[in-house]
Amino acid sequence: MVRNLGVRPRGVVRAAAMIVALAAGGLVVNTQSAVAAPYDGTDPAATGCASTARTIDARNLDGGNARIELRYSSGCRTAWARITLQNGTRCVPGEDRCGSADIVRNSDGQRYSCYTPAGTNTSCYTRQVNDSGVTSFAEGWFDNGAQSYYDRTRNW
């Protein structure tokens with residue numbers, strides 16, 4: 001005797017199909033797209049990702065007074081940007097910021113930024129983006145009080 005089971009919600013049908021497939025020899029289910037990337041928006045130092053990092057590409061701004069870097073962690077498969085003021089360069093007091101860095105993931109445009117504090121000669125680095133299977137680039141801006149400079153790294 002055949003029973004008419006009617007229409008069932010998709011979730012029930014999918015779950016039943018997965019159980020049948022698993023019983024028949026296994027099914028690989030990709031849940032990555034349903035879950036946010038584990039390192040997106042996190043601090044590379046706090047997560048330990050910085051310990052396996054290297055600079056993939058870098059550009060000098062204002063004749064080398066600032067440097068923008070694309071950093072990549074092979075252990076975490078993440079990327080972030082870092083800007084460093086060099087040669088004793090200091091941000092002009094009274095400016096909100098003189099250097100900034102952005103990391104941009106090409107696949108979806110996810111972007112994180114950081115800014116060097118006014119009156120300092122320091123650096124900053126952005127939060128990181130998951131870079132597994134996609135590419136990202138770093139952008140940097142530097143303003144010496146008289147002129148602004150911009151450059152970006154290659155995609156990685």
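These questions and answers cover the disulfides and one buried threonine of a predicted model. Local features need pLDDT of at least 70 and side-chain atom pairs count only at pLDDT 80 or more, while totals for chains, interfaces and linings use all residues. Residues are numbered from 1 along each chain as its sequence is written, and side-chain values use heavy atoms, with hydrogens and water left out.

Reader: How many disulfides does the count come to?
Author: A disulfide is a pair of cysteine sulfur atoms within 2.5 Å. Cys49 and Cys76 form one, with sulfur atoms 2.2 Å apart. Cys114 and Cys124 are also joined, S to S 2.2 Å. The count comes to two.

Reader: Is the disulfide of Cys49 and Cys76 left-handed or right-handed?
Author: Look at the torsion about the S-S bond. For Cys49 and Cys76 it is about -95°, so the disulfide is left-handed.

Reader: Which strands hold Cys114 and Cys124?
Author: Strands here are DSSP runs (E, at least two residues), numbered from the N terminus. The link of Cys114 and Cys124 is right-handed, with 70° about the S-S bond. The pair ties together parts that are 10 residues apart in sequence, because Cys114 lies in strand S5 and Cys124 in strand S6.

Reader: Is Thr126 buried or exposed?
Author: Buried means under 20% relative accessible area, exposed over 50%, partly exposed in between (1.4 Å probe, protein chains only). Thr126 has a relative accessible area of 1%, so Thr126 is buried.

Reader: Which residue has its C-alpha atom separated by 5.5 Å from that of Thr126?
Author: Thr126 sits in the loop between strand S6 and strand S7. The partner is 45 residues apart along the chain. That residue is Ala81.

Terms used
Helices (H or I, at least four residues) and strands (E, at least two) are DSSP runs, numbered from the N terminus.
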